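Work through the two exercises below with the model open. Each task is followed by its solution in steps.

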Amino acid sequence: MASELRVNTLKDAAGNNSIATSFVAGGSAKVWGHMNGSGTPAYGDSFNMASITDNGTGNYTQAFTSALANVSYSASGTNGDGSAQTGGAICNRSAVYATGSYGFTTTFTTGSTPAAYDPSDVSTSINGDLA
Amino acid sequence: MASLLKVDALTGVTTAGSISVTGEGNSTTTNLQQGLAKVWCLLNGTSTIAVTDSFNISGATDNGTGDYTTIATNNFGNITYACCATAGQNSGDQVSASNEGSARSTTAIRTQCLRSTSDSFLDCTSVETIRMGDLA
């Protein structure tokens with residue numbers, strides 16, 4: 001039988017390691033995913049991720065299943081290739097993001113020249129308030 | 001009325017590994033187990049590398065300049081977990097951190113740190129990783 005527990009604070013049985021349930025909700029990642037961004041982008045695993053759109057080389061939009069409450073959520077990401085890197089790889093938030101989706105670009109820097117590329121190993125995580 | 005629950009373990013009723021938590025907006029639920037970071041680590045990657053602080057980390061390996069492997073104590077159920085990494089150096093070099101995809105396992109992931117301006121690996125004072133996914 002499903003059950004609901006309403007509580008403000010959690011502690012272990014010894015009464016230690018106290019944490020407010022607001023930290024449980026606020027501190028949990030609301031969206032995360034690990035995908036292969038080369039070819040047709042595809043997720044290996046994800047949470048609260050509805051789909052991924054390939055907008056072009058090194059440019060993606062992730063759509064969420066449950067929306068965030070606002071666009072001021074914190075997003076982080078890392079990308080890489082399947083072999084040792086020869087240049088810097090960076091995930092940046094793009095101009096296209098909303099409560100239900102997050103756009104980002106991936107670049108690869110050789111020397112001082114950044115260029116868009118499709119990495120095979122992309123991880124993203126989003127923290128914020130659910131709607 | 002304020003309430004306090006003292007417990008050592010939380011387990012779902014319908015599915016042991018799935019507990020819903022009401023989100024901040026009071027209308028949407030999120031999954032407790034899925035939203036939790038399963039591994040995080042702050043590593044000092046200079047000189048003899050050292051884990052400064054961590055959760056569910058058993059150790060770290062220095063693979064060479066700017067090249068590290070962090071090892072989880074409790075393993076993931078698969079190798080498709082997400083891992084976000086960032087790195088910094090007190091020298092002021094612009095640094096990027098990448099995960100070396102072919103070196104993933106259910107416990108270990110390899111993170112490499114490079115100067116953004118010269119394509120060279122760099123030992124960093126802070127190498128930070130956080131992993132989300134399914135524990136075994």
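**Exercise 1.** Trace the pairing of strand β3 (residues 31-36) of chain A, starting from its link to strand β4 (residues 42-47) of chain A.

*Solution.* Step 1: β3(A) and β4(A) run antiparallel and are joined by five bridges. Strands here are DSSP runs of E with at least two residues, numbered from the N terminus; two strands pair if DSSP finds at least two bridges between them. The model is predicted: local features need pLDDT of at least 70, side-chain atom pairs count only at pLDDT 80 or more, and totals for chains, interfaces and linings use all residues. Residues are numbered from 1 along each chain as its sequence is written, chains are lettered from A and ligands numbered from 1 in written order, and side-chain values use heavy atoms, without hydrogens and water.

Step 2: Locate A:H34; its bridge partner in β4(A) is A:D45.

Step 3: Inspect the turn. Five residues lie between β3(A) and β4(A) in this hairpin, and A:G39 in the turn has a positive phi of about 60°.

Step 4: Turn to strand β11 (residues 121-127) of chain A, which is antiparallel to β3(A) and joined to β3(A) by five bridges. There, A:V31 has A:I126 as its bridge partner.

Step 5: Check burial. Five of the six residues of β3(A) are buried (under 20% relative accessible area, 1.4 Å probe, protein chains only).

**Exercise 2.** Find the strand order and the edges of the open four-stranded sheet in chain B.

*Solution.* Step 1: The order is β6-β7-β10-β9, with antiparallel pairing.

Step 2: β6 (57-64) and β9 (95-99) of chain B are the edge strands, each pairing on one side only.

Step 3: Examine β7 (residues 67-72) and β10 (residues 108-115) of chain B, which pair over five bridges. B:D67 has B:Q112 as its bridge partner in β10(B).

Methods. Buried < 20%, exposed > 50% of the residue type's maximum accessible area, 1.4 Å probe, protein only.
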